[in-house]
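Biologist: Could you take me slowly through one helix of this model, and through what lies around it in the chain? I am new to this, so please explain each term as you use it.

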Amino acid sequence: MASFVDKRVTASEVETKEWLSSHFKKTVNEVAIVDMSGSGGQSGAIMKKLILSFADGTELSVILKSTGEAGQPFAKSLGLSRECFFYDMLGPTLSNVRLPVVYFAYGDMETGEKVVLLENLSDCIQSGYFFGPWSCINWGKDLKALCVGAPEGLAERDMARKAFLMAANMHARYWNDASLKTHEWLRMARYSRGEDRLVWEGAHKVATDAWKKVREPENCAKFKWDEYLVAVVESSFSKISWDASESVQQRFPFTLVHGDFHPANMMYNPAEDSVVLLDWENVGIGSGPQDLAQYMISHTNKDVRKTIETELLREYYKALSTAPESKVNTADFPFELCEREFIFGGVERWIWLLAVIMNMGMPDVAKQFFHDIVSAFIQDYKDIITPETIGMPRL
């Protein structure tokens, strides 16, 4: 696996005046470092803000994101260094997707090392805040104060629409593009070529074992279960098959996907009225509509979701076929197929996620929340999502 050996550097080196002066090609007099512990999300990335004071009197504030030595085995196991490869190789090709400005990126998939210098987006607002107090991600937060500076009345529909249209540009650019499979650092690239069966089976075993554990009597009793969800989930797990997975992959178009596409991984920029898409640690090859369903299920109040998701999906579909450099053939991919993939792809992805989340170290009330949002989505489409029709979980 390739690494950016010509850029190899540690986070502690990047923090120095000497390295920064050399990189930015002008003298840095001072570096103020602000710890941002807890901002790295589930990946455990170390986050710091660096305020650079240059000799010419100018200043620049940047974010340093890195993987500490203790976190490298975890990062290696999940391939989280792929974010650096994305920023270096594919990010520049997405001219119609707002990414953070990247000043430097070094990553090594073999060690789990990662060092990235990013644009400081402190003037932006996390887009998940616009989804209101209903989402467990927003519990206990002063959302009004956090959203100061945004246009009045901006809400989840507005954020979702921006996210869907941005996704359409990204998905259209790499629709069924076989070149994606040559980037071995991309998530699912090797699976898409019929390789790494043991790794694929191991990833599914993680979720299968997690589901068995959470359904043990002592754990099961902690939650209020929707038995229809349980039947759908258990049927899905029973269908895991490496041999069958190849035919599933061939059934739907593939494209470049973010892989962790949800509102908390996006920042709303009031000055641009745009959404900036962050945290590309799970970028890979997959289903575009599945990415969108993961977004809607993750944060959106079920009553709001039901009123906006079909409308937004139609806007996405239209943008998908008309985007610059679009490779989408609507005859091969009619809206009905897009909608079906949105529904089944979203549930099948969330089945894997739900099993893992229900065994994470978070409060039981939060785990119940995630159970309930997946259950609500399944219930909304109960006429087509059944234990018989559901497919295997998606990684």
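Modeller: What follows is a close look at one helix, and then at a loop residue before it, a hairpin and a second loop residue. The model is a predicted one, in which local features need pLDDT of at least 70 and side-chain atom pairs count only at pLDDT 80 or more, while totals for chains, interfaces and linings use all residues. Residues are numbered from 1 along each chain as its sequence is written, and side-chain values use heavy atoms, with hydrogens and water left out.

The part to look at is helix H8, residues 197–214; helices (H or I, at least four residues) and strands (E, at least two) are DSSP runs, numbered from the N terminus. The 18 residues of H8, at 1.5 Å a residue, should span 26 Å, and this agrees with its end C-alpha atoms, which are 26 Å apart; the expected span is 1.5 Å times one less than the number of residues. Buried in H8 are Trp200, Ala203, His204, Ala207, Thr208, Ala210, Trp211 and Val214. Because these residues cover an arc of only 160° around the axis, they lie on the same side of H8, the arc being that of the directions from the helix axis to the C-beta atoms. On the face turned away from that buried side, H8 carries the exposed residues Leu198 and Lys212. Here buried means under 20% relative accessible area, exposed over 50%, and partly exposed in between (1.4 Å probe, protein chains only).

In the loop between helix H7 (189–192) and H8 sits Asp196, which counts as partly exposed at 29% relative accessibility. The phi of Asp196 is near 60°, a positive value in a residue other than glycine. Most residues other than glycine have a negative phi.

A positive phi, about 55°, also belongs to Asp273, in the turn of the hairpin that S8 and S9 form with four residues between them. Strand S8 (residues 266–269) runs antiparallel to S9, and four bridges join them; two strands pair if DSSP finds at least two bridges between them. Met267 has Val276 in S9 as its bridge partner. From strand S9 (residues 274–277), Ser274 and Val276 point one way and Val275 and Leu277 the other way, and all are buried. In a regular strand the side chains alternate between the two faces of the sheet.

Lastly, Lys25, in the loop between helix H2 (17–24) and strand S1 (28–35), has a positive phi near 60°, and Lys25 is exposed, with a relative accessible area of 74%.
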